[in-house]
Amino acid sequence: MSIDVHNWIGAAERPSPGTPRIERHSPHDGRLLSTMPDSSVADVERAVQSAVDALTAWSAVTPVQRGNLIYGFAAALRREAETLAAIVAEETGKPIQDARGEVGGAIQLADFFAGEGMRLYARTLTSGMPGKTSHTVRQPIGVAGLIVPANTPIANIAWKTFPALICGNTVVLKASEDAPRTADFFAKLASASGIVGGVLNVIYGSGATTGTALVADARVGVVSFTGSTGVGRKIAEVMGRRLGRLSLELGGKNPMVVCDDADLDRAVHWAALSAFSNAGQRCAAGSRIIVMDAIYDRFREALVARARSLTLGVHEGADLGPVMHKRQQATILAAIARANDDGATILCGGSSAPTDQPADGAYVAPTLVEVPSHDLDIAQRELFGPVATLHRVGDLAEALELANSTEYGLTAAIHTRDVDRANWFAHRVRAGVVNVNIGTYGSEPHMPFGGFGASGNGTREPGVEALDVYSELKNISFLTRSELI
């Protein structure tokens, strides 16, 4: 039975009579899972007003007290972790063990930012004026508009919500249309754990209607968006005109370089995980695998065998599930077909659902594509699916040039036994995150994540760097009375 999800405004469900409904269908078998409102401008305005009304009281709560409330929220997430994982798994189509891991990551984020309430560090400063002392403090920006995707829904929500709250902002979260129940459950847990009405508001709807209205509202002081580069550019135009704070975490076409001295088994393991875990639906997915000529043939054979061995499905132990919906599946398969027409070689995959999965599922088999040129569209455009291209290079200098040959610069990885090679590459590759002898993903709550170029606008979340996104820095100076000195 499907569930009707409503906007959550001021710690209560707020139905939107007469508003068009959006349906969410299972990516695994096409069942109707839920419906939600395509929230109107008026719905968004109500949510923002709720956040405005709650701001003065919430920002007056001390950071330590806000941290204690977030610790309580983390405890509620722990108690309901299995229920939340089941919701995430059903909505996204990922195997349950992956959903459990994602919930665990969200809890870690809550713990980390709750602890920041005891710090919320600023600075003390020296002065050239006798008797003058100076220091900085962090203050909330105001209402934070958070727009999240559904590839890792609870992690994405936690990634933005907890740093926004610890800094004293109130929140309007625009949930993904593909994971509404995850956001609904999160909001109800927040309310039950003591996050008072209006501090966290959740709205549903399309990006064109609901997201646009949220970004355009001048009362929203900071917007944080994770999603496509194209949409990020449009948001930046709006926020630039009204001089609002903006954090963008956008796409990636991430390279993984395998050197001729690499541990081949380890490199194959991490290449498969980087390319295919979460059905390739990671902005940090390793979608370009760059291999030195001396080991290219052996590596290609081993990686193709690993890709063909992966199990698809939503059952526990499956390696990957479907992509998010049928539209995405069609886009990915069309891109593979175009690459084939352009002279690429499909080494494995390239097809839709295997015969043992429902015909209405949005499955894409793990796909490896050998490209004659790195200029092909499939090697330049983010597909957000289990597809990776293979590239043969002669040496590390050529590998670096190829790694830096896209507009993106989110993550990168290199596999080598030579620490000097690794260090040389890490300092020269155009990426915000570089990993050595592991995969292209793997940020943790205390680590800054973000990219260069078309992968973002220079901000970093999470880590303590996220505090710079969600707080204003104020400098305060005192001049002591000289006669008292």
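1. A salt bridge is taken here as a side-chain nitrogen of Lys or Arg within 4 Å of a carboxyl oxygen of Asp or Glu. The side chains of Lys-94 and Glu-102 form such a pair, with an N to O distance of 2.7 Å. Lys-94 is buried at a relative accessible area of 5%, and Glu-102 is buried at 6%; buried denotes under 20% relative accessible area, exposed over 50%, and partly exposed in between (1.4 Å probe, protein chains only).

2. The model is predicted, so local features need pLDDT of at least 70 and side-chain atom pairs count only at pLDDT 80 or more, while totals for chains, interfaces and linings use all residues. Residues are numbered from 1 along each chain as its sequence is written, and side-chain values use heavy atoms, with hydrogens and water left out.

3. The whole structure contains 27 salt bridges. One of them joins Lys-188 to Asp-184 at 3.1 Å, N to O; the two residues are four apart in helix H6 and hence separated by about one helical turn. Lys-188 is partly exposed at 32%, whereas Asp-184 is buried at 11%. Another links Arg-381 and Asp-377 at 3.0 Å, N to O. Salt bridges with shared partners also connect Asp-293, Asp-297, Arg-300, Glu-370 and Arg-392 in one network.

4. Helices (H or I, at least four residues) and strands (E, at least two) are DSSP runs, numbered from the N terminus. Strands S9 (residues 170-174) and S10 (residues 200-203) pair in the parallel sense over four bridges, where pairing requires at least two DSSP bridges between the strands. Val-172 stands opposite Asn-201 of S10. From S9 the chain passes through helix H6 (residues 180-192) to S10 in a right-handed β-α-β crossover, that is, clockwise from the first strand over the helix to the second with the strands pointing away from the viewer. In S10, Leu-200 and Val-202 point one way and Asn-201 and Ile-203 the other, and all are buried.

5. An open sheet of seven strands follows the order S15-S16-S17-S14-S13-S19-S20, with mixed pairing. Strands S15 (345-348) and S20 (433-436) stand at the edges, each with a single partner, so one side of each has no neighbour in the sheet. The twist averages 25° from one strand to the next; axes are lines fitted to C-alpha atoms, for helices over the stretch in contact, and angles run from 0 to 180 degrees between N-to-C directions. Helix H14 (residues 419-428) packs on this sheet and touches S13, S14, S19 and S20, contact meaning heavy atoms within 4.5 Å. The direction of H14 makes about 165° with that of S19.

6. Helix H3 (residues 81-92) has 12 residues and an expected span of 16 Å at 1.5 Å a residue, in agreement with the 16 Å between its end C-alpha atoms; the expected span is 1.5 Å times one less than the number of residues. Its buried residues include Leu-84, Ile-87 and Val-88. Just after H3, Gly-93 takes a positive phi of about 80°.

7. Some backbone features merit inspection. Most residues other than glycine have a negative phi, and most peptide bonds are trans. Ala-11 nevertheless has a positive phi of about 65° and is partly exposed at 29% relative accessibility. Leu-243 has a positive phi near 55° and is exposed at 77%. A cis peptide bond joins Glu-461 and Pro-462, with omega about -5°.
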